[in-house]
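Colleague: I'm new to this structure, so please pick one part of it and take me through it slowly. After that, show me how the rest fits around it.

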Amino acid sequence: MPTIDRMPQAQPFITGADFTVADIILTCVLRELRKTEILARHPNVEDHRRRCEERPAFVKILNAYEDRLGIPRGSAR
């Protein structure tokens with residue numbers, strides 16, 4: 001298993017037990033890869049991305065982004 005895929009197994013968030021800006025940044029990068037086959041090779045990283053995107057604050061900011069763009073809710077997901 002590649003090292004990057006082991007990290008989400010060893011700790012809940014990138015820097016340890018707490019959700020930090022590092023998780024937000026990584027999630028934004030991983031969102032760019034979500035429609036490719038790259039994340040399929042790293043299921044724990046994909047799970048981390050999904051968990052971060054499901055956080056209420058992340059959902060709130062995506063909703064605001066979609067509203068600002070005038071696109072239907074869920075379009076930016």
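Modeller: Let's start at arginine 77, whose side chain meets that of glutamate 66 in a salt bridge, with N and O 2.5 Å apart. Glutamate 66 sits in helix H4 while arginine 77 comes in the segment after H4, so this contact ties together parts that are 11 residues apart in sequence. A salt bridge here is a side-chain nitrogen of Lys or Arg within 4 Å of a carboxyl oxygen of Asp or Glu. Helices (H or I, at least four residues) and strands (E, at least two) are DSSP runs, numbered from the N terminus. The two partners sit in unlike surroundings: glutamate 66 counts as buried because its relative accessibility is 0%, whereas arginine 77, at 32%, counts as partly exposed. Buried means under 20% relative accessible area, exposed over 50% and partly exposed in between (1.4 Å probe, protein chains only).

Before going on, a word on what you're looking at. This is a predicted model, with residues numbered from 1 along each chain as its sequence is written. Local features need pLDDT of at least 70, side-chain atom pairs count only at pLDDT 80 or more, totals for chains, interfaces and linings use all residues, and side-chain values use heavy atoms, with hydrogens and water left out. The pLDDT is the predictor's confidence in each residue, from 0 to 100. Its mean over the protein is 88, and 97% of the residues reach 70 or more. Helix H4 (residues 56–69), home of glutamate 66, has the highest confidence, at a mean of 92, and helix H1 (residues 3–10) has the lowest, at 75.

Back to the charged pairs. Side chains of opposite charge can pair when their charged atoms come close. By the 4 Å rule there are seven salt bridges in the count. One of them joins arginine 31 to glutamate 53, at 3.3 Å from N to O. Arginine 31 belongs to helix H2 and glutamate 53 to helix H3, 22 residues apart, so that pair, too, links distant parts of the chain. Arginine 31 and glutamate 53 are both buried.

Glutamate 46 and arginine 50 make another such contact, with their closest N and O atoms 3.0 Å apart. This one is local: the partners are four residues apart in helix H3, which means about one helical turn between them. Glutamate 46 is buried at 14% relative accessible area, but arginine 50 is partly exposed at 36%. The two contacts just described belong to something wider, since Arg31, Glu46, Arg49, Arg50 and Glu53 are linked in a network of salt bridges.

Stay with helix H3 (residues 43–53) for a moment, as cysteine 52 is found there too. Cysteine 52 is buried, with a relative accessible area of just 1%. Its C-alpha atom is 7.4 Å from that of aspartate 23, although 29 residues separate the two along the chain. What about a disulfide? That would take a pair of cysteine sulfur atoms within 2.5 Å, and by that rule the count is zero. The cysteine sulfur closest to that of cysteine 28 is in cysteine 52, but at 9.7 Å it is too far for a bond. Cysteine 28 is partly exposed, at 39% relative accessibility.

Now look at helix H2 (residues 21–33), where isoleucine 24 is found. Isoleucine 24 is partly exposed at 35% relative accessibility, and together with Val21, Ile25 and Val29 it forms a nonpolar surface patch of about 350 Å² accessible area. Patches are made of residues with over 30% relative accessible area and no salt bridge, joined within 9 Å for like charges and within 5 Å for nonpolar side chains (Val, Leu, Ile, Met, Phe, Trp, Tyr). The areas come from the Shrake-Rupley method with a 1.4 Å probe, and for residues only the protein chains shown count as cover.

Finally, the overall frame. The protein has four helices and zero strands, giving the pattern α-α-α-α along the sequence. Its C-alpha trace spans about 40 × 30 × 15 Å along the principal axes, and 30% of its 77 residues count as buried.
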